[in-house]
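The following exercises concern burial, helix packing and nonpolar cores. Please work through each task before reading its solution.

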Amino acid sequence: MAEKYSAREGRLPRTWENGEDVSSDSRWWCSGFFPGVLWYVYENGRNPRVLEYARMFTARVEREKHTTDNHDVGFMLYCSFGNGLRLTGDESYEEVLLTGARSLATRFKPEVGLIRSWDHNRDKWQYPVIIDNMMNLEMLFTVSKLTGDKHYYDIAVCHADNTLKNHFRPDNSCFHIVCYDAETGRVTGQRGGQGYSAASAWSRGQSWALYGFTMCYRETGDPRYLDRAVKCAEYFINHPRLPEDLVPYWDYDAPGIPDEPRDASAAAITASALLELAKYAPGKEKSYYGTARKILTSLASDRYLIPAGKKCGFLIDHSVGSKPSGSQVDVPIIYGDYYFLEALLRLKNYKTQK
């Protein structure tokens with residue numbers, strides 16, 4: 001895939017849909033995932049040719065360090081430049097992350113206490129915040145450590161605290177979109193977004209929550225975040241509509257279960273998060289490690305793993321982008337591959353550390 005796309009200036013793999021590969025430029029919210037895939041491949045084998053490709057595709061995302069019109073700059077830059085900095089120590093990558101964090105911080109409004117997710121659909125909401133936004137906080141935590149500037153840390157913690165307060169239901173599932181009054185920070189409602197409805201449990205959203213609060217516990221040591229991550233994990237493991245192979249339907253409340261599409265990307269995110277959470281949750285390590293292994297075994301089976309050379313080189317099939325809008329349904333999607341590889345590396349390192 002890297003060789004094929006290297007000649008397509010500025011393009012990045014997105015999905016395989018309707019018999020052809022679909023790409024994007026850096027503006028798409030997932031543009032950092034393919035560079036991240038290459039960094040994980042490089043981390044595993046230290047192949048200098050892979051390093052060359054990782055640098056090439058990472059450079060294609062650099063302009064997004066100036067992005068201020070959406071929250072996804074964290075996804076764009078941390079998966080690409082964040083991994084690149086971690087593996088190479090390249091100081092120019094640090095500058096990109098710092099500029100990106102400054103851009104992301106412009107979307108934080110103290111009166112609301114959260115980073116605004118989107119600027120569109122102002123007729124529907126004033127100040128929308130989606131659960132996915134938890135994933136963008138890692139860049140802020142990292143930049144705070146790199147610079148010693150607590151401002152970024154404080155924004156991340158404030159966002160996590162208000163998400164903790166407003167995004168979760170009594171059964172420990174989470175809303176996709178919570179809407180706020182832009183002046184007072186008062187919750188004005190919830191929306192279904194990419195889930196079946198405002199009241200349903202969109203599977204990838206549950207995975208973002210699990211991963212995000214596990215990461216926040218790592219970065220802060222706040223036991224409230226650990227408690228929330230454990231509740232998210234238990235929601236997944238004990239859900240009555242979780243299939244036997246642990247690859248969830250696109251929404252736990254989708255009306256056509258068991259004939260609804262699965263979301264392999266949600267499974268991959270969950271596996272990666274559980275392998276980290278297992279280290280922090282006394283008494284739960286065996287359960288979380290075993291669940292993650294079972295998920296990865298399923299994803300590596302013939303049902304989900306794409307044969308070499310097929311579908312443009314994507315790794316896992318049967319993910320869902322947004323079923324309500326009919327976008328990327330039952331296809332491979334690049335972030336599924338990213339978290340699948342991340343989980344495999346975490347599993348490898350987990351076993352080594354053991």
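**Exercise 1.** Determine whether D317 is buried or exposed in this predicted model, and describe its surroundings.

*Solution.* Step 1: the relative accessible area of D317 is 7%. Because the cut-off for burial is under 20%, D317 is classed as buried. Step 2: D317 is placed in the loop that runs between α11 (285-299) and β8 (319-322). Step 3: leaving out residues up to four places away in sequence, D317 touches A264, Y304, I306, K311, D330, V331 and P332. Step 4: with K311, the side chain of D317 forms a polar contact of 2.5 Å.

**Exercise 2.** Establish how helix α8 is oriented relative to helix α9.

*Solution.* Step 1: the axes of α8 (residues 203-220) and α9 (residues 223-237) come within 8 Å and cross at roughly 150°. Step 2: angles over 145 degrees count as roughly antiparallel, so α8 is roughly antiparallel to α9. Step 3: the crossing of α8 past α9 is left-handed. Step 4: the residues that meet include L210, F213 and Y217 in α8, and L226, A229 and C232 in α9.

**Exercise 3.** Identify which residues have the most contacts inside the largest nonpolar core, and state which helix supplies its largest share.

*Solution.* Step 1: this core has 109 residues, and those with the most contacts inside it are F33, L77, L137, L140, L299 and Y339. Step 2: helix α12 (residues 334-353) contributes the largest share, ten residues. Step 3: a second, separate core has eight residues, among them L114, V129, F175 and A182. Step 4: beyond its neighbours within four places in sequence, L137 is in contact with I115, A156, H159, A160, M215 and C216.

Technical notes
Residues are numbered from 1 along each chain as its sequence is written. This is a predicted model: local features need pLDDT of at least 70, side-chain atom pairs count only at pLDDT 80 or more; totals for chains, interfaces and linings use all residues. Side-chain values use heavy atoms; hydrogens and water are left out. A nonpolar core is a set of buried Ala, Val, Leu, Ile, Met, Phe, Trp, Tyr and Cys residues joined through side-chain atoms within 4.5 Å. Buried means under 20% relative accessible area, exposed over 50%, partly exposed in between (1.4 Å probe, protein chains only). Helices (H or I, at least four residues) and strands (E, at least two) are DSSP runs, numbered from the N terminus. Contact means heavy atoms within 4.5 Å. A polar contact is a pair of N or O atoms within 3.5 Å; within protein, one must be able to donate a hydrogen and the other to accept it, and residues adjacent in sequence count only if both atoms are side-chain atoms. Axes are lines fitted to C-alpha atoms, for helices over the stretch in contact, and angles run from 0 to 180 degrees between N-to-C directions. Angles under 35 degrees count as roughly parallel, over 145 as roughly antiparallel, 65 to 115 as roughly perpendicular and the rest as oblique. A crossing is left-handed if the near helix is turned anticlockwise from the far one by less than a right angle, and right-handed if clockwise.
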